[in-house]
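I opened this file to look up its confidence, its sheet and its chain contact, and I keep my entries below in the order in which I worked.

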Amino acid sequence: MRETCAVGRCAVRLVSVALLLCVVAVAQQKPVVLRGGKLLTVSHGTIENGVLVIENGKIVAVGAASSVHIPKDARVIDVSGMTVYPGLIDSETQLGLTEISGEEMTNDFIEPSEEIMPHMHVYDAFHAESEVIPVTRYNGITNAIVAPGSRDTLPGQDSFVQLAGKSAEEMLLVRDVAMPLNFSGEQRRNQGPFDRRKFPSTRMGLAAQLRQAFLDAQDYAQHWADYDRKKADYEKTKNDAPKPEDKNKEKDKKQPPSPPKRDLKLEALLPYLQGKKLVVLAADESNDLQTAVGLAHEFNLKFVLNHVSHAQSVLDYVASLKVPVIVGPIYEDPKPYERFDAVYSLPAELTKRGVKIAFASFDAHNSRNLPYQAGFATAFGLPYDDALKAITLNAAEIWGVADKLGSLDVGKTANVVVANGDPLDMKTDVKQVFIAGQEIPMTSRQTRLRDQYSGQ
Amino acid sequence: MAMSAIAVATLAMITIAVVAAAQAAPAAANEPAAHNEVLIKNAMVMTATHGNIANGSVYIKDGKIAAVGKDVSAPASATVIDAGGKYLTPGIIDSHSHIALDSDVNEATNPITPHMMMIDAFDYQDKEIYHGLAGGVTTSLLLHGSANMIGGQAVVIKHKYGANRDAMLFPGAPRSIKFASGENPKRVYGGKDQLPSTRMGNFEVQREALVQAQDYMREWDAYDAKVKSGDKDATAPKHDLKLEALADVLRGKLLVQIHCYRSDEMLTEIAMAKEFGYKLRAFHHALEAYKVADQLAAAGVGIATFSDWWGYKQEAWDAIPWNAVLAMRKGVHVAIKSDSEDFARRLNQEAAKTMRYGGATEEEALKMITLNAAWIIGVEDRVGSIDVGKDADLVIWDGYPLSSYGVPNRVFIDGDVYFDRSLPGFGMPHYKEGM
């Protein structure tokens, strides 16, 4: 890092940041009204010349200018000519798990020592102060799934985060929201010469290991259930008078059952085996997809699909599973046998078949480009409204937060973006981002470098 | 494979990374028929040099642009293509690519390998060429990677997928040589416990090689002088491919393209070029160009950069998406390049980002992937704009090209259609799988 700004200029900037924060603090107390913009509500169409009212971090009114009452004490911001839309949701990122991806010490992506690591929780690594986060929200991304890397079949559990807040505590909206199960071949420990390879070095190994892990967890659950039953029995009968035939057997007196040893790894799998939480099933090609789905069915996992980038030949099958798909990234290179647009057209093909989709950057530094992926998919047949939904409401529904996020609706958290045009086009400049009603300073390490070197 | 952060981190080392080859089934050349005359009419012609022409036409003869304008007359025999009001741009030019080289991107066994010829590794059947073509790319500069301080000599191709190898080489393109600096050579050789493992070592190795080349030139000059003066006993010095290539750098016969991230290293490279009397064509990546844009402009060095790629390694930490436009405003030739088989397919979108970050005009943005990129390669008088006399390398777009929505509808190279989105299969009239 070589920030060498003049002391004087830094001082000026600090003062202005302080002023801005004061403004934010004051603004919070008063309702904020965004008046005159084009509102893309996502849930109930577009409102030209609309009004949106934010109070106490929530959206309290949305509608046409003529129909919305503007509170007397409100701070009214004229956003005429602007487009207003819900904060965007990136359905898989490594935000907060990396700073400089080539510098290992700044990365907390994955534990490669073993494959079965469901007891890794990204919230334990999530770095709220990462410089990557302000860069990301600068483009209107307000929420994201943070997932571990994909080189293990079970690398850990995802969190759903908000990209602003006083601390990690505040930003981690849902901890352990879901668990990735990766089955793309990438997880094989098959690098190097044969004598250096480790189990599992084949897909057979991957599948066997996963199956064993789930069986172990089932056994583990059974041991605890047995224990709980025995304990209940014991509690019920420990004060009973001994039976006559036991009278002289003092040493056989009832002992409380001893609990099984706790196993964090197997314990972590239980909510998924019980269908209480979502498994994110990742596969690229149709063969892997079907193997992974087979495993999921075998253990009654509740799942969504991830990637399916090269499964074009089985899209009807995908649709028949009636589960959402985190698609792509659509920038995945086509296979040599595929047409140039085989992956680009995947969102359209899935949507056509009635599959609910969401987009993800699968990245940290490039998460800011999430909306352009959705835009690009429209050039290959995805209807525009579906594209916008796939980075807002669909994502909120998939991750179980649609009561709070994903659309401009009364009662939802005020994660709201004001931009000078189409959210899905890279030429559009995001002017202001609100997260939980807070006016986020539109600055980042990058804007500071820009200003420093362009003499602003 | 998912584009995980790890995958991206690997991609970040892209110039030293192995480029995965998408091998096509063996395809014999299917040479296009002799050029017909073509008239593309009813297009929104984005010339890249003299604005847009609504309802414009381009008349192509013998593979060259013969006329451009609102009212263009063509003989009745010309094939007429009605663009239906769609946008027409020059073919996109990628000034930094490693596609179609299988794994042969880096001869990472010695930090100085100027005699490596990328043409010897060029795999003309690699589908990556097609993927770029379908993204509107018509010309690419295939460069050596950045493992070595002085890598090798580039090859310039046209994306005539389905043609034979030699038909894909850009005829008469100037020779370019790839230099590098910074983290990659440090890591590659430092990792082997060899020189260089620091930036001091990097530049020493480069300077040493240039000194040897000076000696080599001197020996040959002395010999040539003796021969000229009639000395029959003069003995010729030994031919050395490596030093011969470097001597050509010193003689100004090669365009020097330098992989360079940090601004201080750019200044060092400029100083070294001055010391040894050669000229630099462009810094590649050049993510800190905005810090020293005045000096780059003064030295006449261009940049081939990313629009917004950042944070993948320490020397990419100060990257800002305003870099391209800030440098351009100071008078630097700026191209947006791919350095990736992925970005090569959507350079139009990468260029469009410069309109937001820094406010490039439409024509400025377009130039960054056409005329300016052609300048980096040294073929700006041949391609890169829709002007009379230039090669008819053109793209008809579905949607507005400088947006999320632009997709090539048809791509012409030397006047022939090499890609047509409306066709089934791969959409390539000159290619059949398994031919």
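Before reading any partner across a sheet, I fix the term: I call two strands paired if DSSP finds at least two bridges between them. I also note at the outset that this is a predicted model.

Entry, confidence. I looked up the pLDDT of chain A and found a mean of 92, with 91% of its residues at 70 or more. Residues 1-27 of chain A stand apart in my notes, since their pLDDT is below 50, and beyond near neighbours in sequence this stretch has eleven contacts in the model. Where pLDDT is low, the predicted coordinates should not be read in detail, and I leave those contacts uninterpreted.

Entry, the sheet of chain A. I traced an open sheet of eight strands with mixed pairing, in the order β6-β7-β8-β9-β10-β11-β12-β13 (chain A). At its edges I find β6 (88-93) and β13 (357-359) of chain A, each of which pairs on one side only. From one strand to the next, the twist averages 30 degrees.

Entry, one pair within that sheet. I then followed strand β9 (residues 172-182) of chain A, which pairs with strand β10 (residues 278-285) of chain A in the parallel sense over five bridges. Which residue in β10(A) is the bridge partner of A:Leu181? I read it as A:Leu281. Helix α6 (residues 286-298) of chain A lies across β9, β10 and β11 (302-310) of chain A, and I note that it runs at about 155 degrees to β10(A).

Entry, chain B as a whole. I counted twelve helices and 18 strands in chain B. The C-alpha atoms of chain B fill a box of roughly 65 × 55 × 45 Å along the principal axes. Chain B has a radius of gyration of 22 Å, which agrees with the value near 22 Å that a compact globule of 435 residues would have. Of the 435 residues in chain B, 60% are buried. I also looked at contacts in chain B with a separation of 6 or more, and residues 24 or more positions apart account for 70% of them.

Entry, the contact between the chains. The contact takes 45 residues from chain B and 46 residues from chain A. On the side of chain B that touches chain A, I find that α1 (5-12), α2 (127-134) and α10 (347-356) of chain B each supply at least two residues. I sorted the residues of that side of chain B by character, and they divide into 26 nonpolar, eleven polar and eight charged.

Definitions and conventions
Residues numbered from 1 in each chain as written. Chains lettered and ligands numbered in written order. Predicted model: local features only at pLDDT ≥ 70, side-chain atom pairs only at ≥ 80, totals over all residues. Contact = placed C-beta atoms within 7 Å. Helix = DSSP H or I, 4+ residues; strand = E, 2+ residues; numbered from the N terminus. Nonpolar A, V, L, I, M, F, W, Y, C, P; charged D, E, K, R; others polar. Rg over C-alpha atoms; globule rule 2.2 N^0.38 Å. Buried ≥ 20, exposed ≤ 12 C-beta atoms within 10 Å, placed from the backbone. Axes fitted to C-alpha atoms, helices over the stretch in contact; angles between N-to-C directions. pLDDT = per-residue confidence, 0-100.
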